[in-house]
Structures are given as C-alpha cells and as structure tokens.
Amino acid sequence: MPRVSVVIPYYNTPIPLTETALGSVLRQTVSDWEVIVVNDGSRDEMTRALEAMLARLDDRRIRYLSGPNQGASAARNRGAAAAAGEFLGLLDSDDMWQPLRLERGLQCIDVDPTITLVHTDCDVLDSGGMMKPRRTQGNPELAGLSGAGLFRRVLQQNCIATSSVLVRRTSFLDARGFDETLERMEDKDLWLRLLLGGHRIHYLDEPLVIYRDTAGSLSKNVPKMYRDRLQLVDKLDRMMEHQSLITRAEWQQVRRQYLDEARWQRAWGYLLARSYGQALWYSGPTYLGVSAASLRQTSRVLWRALLRR
C-alpha cells in the first residue's frame, strides 16, 4: 500500500501542462506513492490526448478514472474514495511540485503525528510566464497560528493553496471531503471545517509548489465570488452550535469582519475589471456600512484610473 495517494482532477487542461504536473510527481525524492488522475468529463479529443499521454508514461503507479463532468470537488472526492494511501496529496492538473514536496511534508507529520494537514508556501507562475516568488512571502506569523487564530486567518484570507496540501485520508473522508455544492469556496470551506472539528493544520514555510495563476474574467466572476462568500458564511452559521473552537461572540465579530472585507473585495474587483460604474456603486456607504469618506476615496481612485486610460 502506498503511503501517499496523489489526486489530480483533470478537465480539458492542455496536455503539456498536465504532463509537467505528473512529471513533478515522478521526480519526488519519495517514491512511496500512487497517482490517481480523475478525468472529469473532458471533451473527447482531450480525453484521447490524456489517455495517450498516460499510456506513453507507462507507470503502474498512475491510475486513471473517468466519469461525467461534475466539477473539481467531485473529481477530488472520487479520487480520494478510490485512494489506498494513508495520506492524500492534492495537485491540480496545471500546477507543479518541487522535488522535496512529499519528503518535507511527511517529515513534519512523522515528527508530530497529531498533525492532520500540512501545507506549504508557493511560487506563482502568472499567465505571461513570469514567476512571482513566495505566495505568502514566508509569513512567520502563519507558522505560529493554530486553532481559533488560524480559523480567523483562513476565513479572511485563504492562505492554504490546494496543490500544497498533504492531508490524512481518513480525516478527509470523515469530513466528507469537498462540498460539491460550492464552486469557488470549496477549499476554504474544507480547511475551516477541519479546524472546527479539532484537526491540526501545519504550515511549512518553504516554497515547494508552483501554482499557475489562470484567473478568468474579473467582471464575470465578481458577483459570483461575492455570492459564494455569503453562502460560505451561511453554512458556517449553521455549524457554530456544534463546535468549541470559538465562542459565539467571537464568531459574530469574525463574521462581521469577513462580510465587511467581502464588500470591499466586490468593489475592488469591479475596479480592477474596469467596471467603474459598479465599482463606484458598491463602494458607497450604503453597501460598505462605513463613512462617506469611502465614496470620496474611491472616486479619486477612479478618476486617476480614467486619466491613465
């Protein structure tokens, strides 16, 4: 039985990127692993190309599952259910691991078996091929956070990249994996549920993952992201009566801060997408719940942006 099962969901990713992702697993300094590639209903031509690439690699440690399109969460859950390893290594089909990724993660768990999940720092490769080093900038505060403090940090800013996660398979399955009804907050939702369940999450301050930033249209995603944030808060509201990590009063404070930040991010997202009318509308005091100074400040930002066009 392999110690680690690497789950890679696949959906129409360019084959060279997926082959690079698989190659990064093949180059791990730890060899006690299996890979489960889950084809999530890709187009026929992409499926044929994927299967041809896997046949060319011809590695018995790589297993292949295929099914209808149900989303990345369902694909990861399906891979986890089929896994044989003690741990799950999560890797997106266009991301990459550094050779020491598994070795360093397993070392952390071997030193402290109470750890449920280990995640690492990331370098970010943007759509133009430029590398942006260290996604969290090696934040030493993150390494010292645990329990309620880490819950607040993850809620406000998802500092756990999915492709950097090594998690105990039994804990993942006990938590019922990723919520397949969430489209964009499914990773943050799982990390928060693990924390509320008393599981320990450990941050490894090393950039052992290369994450590809392939974000879509901001103007299209902004309203959906805001609705997803509200959906996540509603779900957490229902969980608060059945946990002991934070008090009800602490949750109300964290909840209020989170919603305030979500409103700011909605206005800022429209600004970055150059949807200036919507940015101005959603930055007003009616929506942000703050003084009218926010409206004046946003107006100045918008005016400078328009002058630069």
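This briefing walks through the cores, selected helices and charged pairs of one structure. The model is predicted. Its largest nonpolar core holds 41 residues, and a second, separate core holds 32 residues. The count of salt bridges comes to 19.

**The nonpolar cores**

- In the largest nonpolar core, the residues that touch the most other members are Leu88, Phe151, Val154, Leu155, Trp191, Leu236 and Trp251.
- Several elements give two or more residues to this core, among them the strands β2 (33–40), β4 (87–90) and β9 (200–212).
- Helices that do so include α3 (72–82), α6 (147–156), α8 (186–196), α9 (218–239) and α10 (248–272).
- Helix α8 gives the most, with 6 residues.
- Nonpolar side chains tend to be buried together in soluble globular proteins.
- Trp251 touches Phe151, Leu155, Val233, Leu236, Asp237, Met240 and Ile246, leaving out residues up to four places away in sequence.
- The second core includes Val6, Leu102, Ile109 and Ile115.

**Ser5 in strand β1**

- Ser5 sits in strand β1, which runs over residues 4–10.
- Ser5 has a relative accessible area of 0%, so it counts as buried.
- A polar atom of the Ser5 side chain lies 3.3 Å from the backbone nitrogen of Ala84.
- Beyond its neighbours within four places in sequence, Ser5 contacts Glu34, Ala83, Ala84, Gly85, Phe87, Leu88 and Gly89.

**Helix α1 and its cover**

- Helix α1 covers residues 15–26, which is 12 residues.
- At 1.5 Å a residue it should span 16 Å, and its end C-alpha atoms are 16 Å apart, so the two values agree.
- Buried residues of α1 are Ile15, Thr18, Ala21, Leu22, Gly23, Ser24 and Val25.
- The elements that cover them include strands β1, β2, β3 (62–67) and β5 (96–97), along with helix α2 (44–57).

**Leu57 in helix α2**

- Leu57 belongs to helix α2.
- Its relative accessible area is 26%, so Leu57 is partly exposed.
- Leu57 and Glu19 are 38 residues apart in sequence, yet their C-alpha atoms are 9.0 Å apart in space.
- Setting aside neighbours within four places in sequence, Leu57 is in contact with Glu19, Leu22, Leu26 and Ile62.

**Helix α8 and Asp189**

- Helix α8 is mostly covered, with 11 of its 11 residues buried.
- Charged residues are among the buried ones, including Glu186, Asp187, Lys188, Asp189 and Arg193.
- Nonpolar residues buried in α8 include Leu190, Trp191, Leu192, Leu194, Leu195 and Leu196.
- Gly198 follows α8 and has a positive phi, near 90°.
- Asp189 lies in α8, and its relative accessibility is 0%, so it counts as buried.
- The side chain of Asp189 makes a polar contact with the side chain of Lys235, at 3.0 Å.
- Apart from neighbours within four places in sequence, Asp189 touches Asp179, Leu182, Leu232 and Lys235.

**Salt bridges**

- Side chains of opposite charge can pair when their charged atoms come close.
- Asp189 and Arg193 form a salt bridge at 2.9 Å, N to O.
- These two are 4 residues apart in helix α8, so about one helical turn separates them.
- Asp189 and Arg193 are both buried.
- Asp237 and Arg255 form another salt bridge, at 3.1 Å, N to O.
- Asp237 lies in helix α9 and Arg255 in helix α10, so this pair ties together parts 18 residues apart in sequence.
- Asp237 is buried at 19% relative accessible area, just as the cut-off of under 20% requires.
- Arg255 is partly exposed, at 23% relative accessibility.
- The side chains of Glu241 and Arg248 meet in a salt bridge at 3.6 Å, N to O.
- Glu241 is exposed, with a relative accessible area of 59%, while Arg248 is partly exposed at 38%.
- Salt bridges also link Arg3, Glu86, Asp110 and Arg168 in a network.

Terms used
Residues are numbered from 1 along each chain as its sequence is written. This is a predicted model: local features need pLDDT of at least 70, side-chain atom pairs count only at pLDDT 80 or more; totals for chains, interfaces and linings use all residues. Side-chain values use heavy atoms; hydrogens and water are left out. A nonpolar core is a set of buried Ala, Val, Leu, Ile, Met, Phe, Trp, Tyr and Cys residues joined through side-chain atoms within 4.5 Å. Buried means under 20% relative accessible area, exposed over 50%, partly exposed in between (1.4 Å probe, protein chains only). Contact means heavy atoms within 4.5 Å. A polar contact is a pair of N or O atoms within 3.5 Å; within protein, one must be able to donate a hydrogen and the other to accept it, and residues adjacent in sequence count only if both atoms are side-chain atoms. The expected span of a helix is 1.5 Å times one less than its number of residues. A salt bridge is a side-chain nitrogen of Lys or Arg within 4 Å of a carboxyl oxygen of Asp or Glu.
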